[in-house]
Amino acid sequence: MIATHDRPMTDLFPPLETEIRRRITIAGPMPVMHYMTLCLTHPTLGYYVTNDPFGATGDFTTAPEISQMFGELIGLWAGSVWRQMGSPQPILLVELGPGRGSMMQDALRAAHVMPEFRAALSVHFVEVSPLLEKRQREFLGGLGVPFTWHTSIDDVPDGPAIILANEFFDSLPVHQAVMCADGWHERVIKIDENDKLRFSIARDPIPLFEQLLPRGMRPQIGEIFEWRADQTALELGRRVKRAEGAALVIDYGHAKSAPGETLQAVGKHQYVDPLVSPGLVDLTAHVDFQALAEAAESMGARAYGPIDQGEFLRRLGIEPRAIALKNTAPPSKVMEIDRALARLTGSGGRNMGQLFKAIGFGHPKLGPLPGFEP
């Protein structure tokens, strides 16, 4: 029998963990941001490259999978914004991270009540997963609207545009730094003395890191601060300004920048250790809506919100829509509609109404966007 310590590393760990361990062995402890990037988007082993994570059989459920009402209201929101923009033709409807395509399918169905808007549409998906792109193409075929796929928002053509992002920014990798007695150290992942992946800190502090913190923040030793690269938020703001258009971001997170660790892993609808089974579970972190807004506004867009998802959906008319659906639904479906309404707008437990927030970005000439009026 071969002793365990003599066995090849590929026999001991899942493929992506083997690759992560190899990189740590060669280059030293790995920053959290690099680890999260590999786990989610490694070209052959990343979670989004190899998995369909959505729905009851996946690892988590998003709002469009809970009820058609969500996507329908987003479609009507986009149509209202299009009119606010002066009804440009054509209009690009861009979705970042469209999942299976459920939200867009429901949005386009709702857009039938605005035939001029629907006729002007071309849909552009920004999707990094070949597997999900294949599912989207199958799911959305035959809708009579042109679809184009891109791997980056940078590849979307210029022109009048409305951009949608539901549960997209939470999946973008985060950096983490830990406040220590001698300053802020980047949080890293190393291999410990028991041959386990473990969180640690880089040896040297990050120079002048305090100058990057939000004004007035008074962190304590041991606290963690998370931040994301601004490229996507900056590009979103640039496109909104240049296209004289608008964007809607819905995600879970905090309205104001603050210290605190929010990195989490989810597998089969359960929270799990983010350092176990890399590439086989989803990794996310809360969206810092203040940082998101500041980045987009620096490019000339104007931010509206954030407000709680529940309040946003109520302003768009989700309660009358639920009543209308129940009036035509069989009795067996009425309670299902009520449960979906509570899940999307309620607070506490698994409900999304307060944890999730909506923020809008518009060209300054548009004024307040639908759902964000004072």
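In this predicted model, helices α10 and α11 sit oblique to each other. Their axes come within 7 Å and cross at roughly 45°, and an angle like that is neither under 35 degrees nor between 65 and 115, so oblique is the word that fits. As for the hand of the crossing, α10 passes α11 in a right-handed way. If you want to find the contact on screen, pick out Ala233, Leu234 and Gly237 on the α10 side, then Leu292, Ala295 and Ala296 on the α11 side. Helix α11 itself covers residues 289-297, while α10 covers 231-243.

Now for a second helix pair. How do α13 and α14 run relative to each other? They are roughly antiparallel, given that their axes cross at roughly 165° and anything over 145 degrees counts that way. The axes come within 9 Å, and α13 passes α14 in a right-handed crossing. On α13 the contact uses Ile318, Glu319, Ala322, Leu325 and Lys326. On α14, which spans residues 331-345, the contact residues are Val334, Ile337, Asp338, Leu341, Leu344 and Thr345.

**Salt bridges**

Side chains of opposite charge can pair when their charged atoms come close. There are 23 salt bridges in this structure, and here are some of them.

| Salt bridge | Closest N and O atoms |
|---|---|
| Glutamate 72 with arginine 321 | 2.8 Å apart |
| Arginine 238 with aspartate 158 | 3.8 Å apart |
| Arginine 203 with aspartate 204 | 3.5 Å apart |

Take glutamate 72 and arginine 321, which form a salt bridge. Glutamate 72 belongs to helix α6 (residues 68-84) and arginine 321 to helix α13 (residues 318-328), so this pair ties together parts that are 249 residues apart in sequence. Is glutamate 72 buried or exposed? Its relative accessibility is 5%, so it counts as buried. Arginine 321, on the other hand, is partly exposed at 28% relative accessible area.

The salt bridge between arginine 238 and aspartate 158 also links distant parts of the chain, with the two residues 80 apart. Arginine 238 is in α10, and aspartate 158 is in the loop between β4 (147-150) and β5 (161-166). Aspartate 158 has a relative accessibility of 48%, which puts it in the partly exposed class.

Arginine 203 and aspartate 204 form another salt bridge. Arginine 203 is exposed, with a relative accessible area of 74%, whereas aspartate 204 is partly exposed at 46%. Elsewhere, shared partners join several salt bridges into one network, made up of Asp158, Glu235, Arg238, Arg239 and Arg242.

**Strand β6 and its partners**

Why is β6 described as largely enclosed by the rest of the structure? This strand covers residues 175-180, and 6 of its 6 residues are buried, so the description follows from the count. Look at its two faces: His175, Ala177 and Met179 are buried on one side, and Gln176, Val178 and Cys180 are buried on the other.

Strands of a sheet pair through backbone hydrogen bonds, either parallel or antiparallel. β6 pairs in the antiparallel sense with β9 (residues 224-227) over 4 bridges. One residue match to look up is valine 178, whose bridge partner in β9 is isoleucine 224. β6 also pairs with β7 (residues 183-191), again antiparallel and over 4 bridges. There, cysteine 180 has glycine 183 of β7 as its bridge partner. β6 and β7 make a hairpin, with 2 residues between them.

**A three-stranded open sheet**

Another piece to look at is an open sheet of 3 strands, ordered β12-β11-β13 with antiparallel pairing. The edge positions go to β12 (270-272) and β13 (282-284); each has a single partner strand, so one side of each is left without a neighbour in the sheet. On average, neighbouring strands of this sheet are turned by 40° against each other, direction ignored.

Which residue of β12 is the bridge partner of valine 266? That would be tyrosine 271. As a pair, β11 (residues 264-267) and β12 run in the antiparallel sense over 3 bridges.

Key. Residues numbered from 1 in each chain as written. Predicted model: local features only at pLDDT ≥ 70, side-chain atom pairs only at ≥ 80, totals over all residues. Heavy atoms only, no water. Salt bridge = Lys/Arg side-chain N within 4 Å of Asp/Glu carboxyl O. Buried < 20%, exposed > 50% of the residue type's maximum accessible area, 1.4 Å probe, protein only. Pairing = 2+ DSSP bridges. Axes fitted to C-alpha atoms, helices over the stretch in contact; angles between N-to-C directions. Left-handed = near helix turned anticlockwise from the far one by under 90°. Contact = heavy atoms within 4.5 Å.
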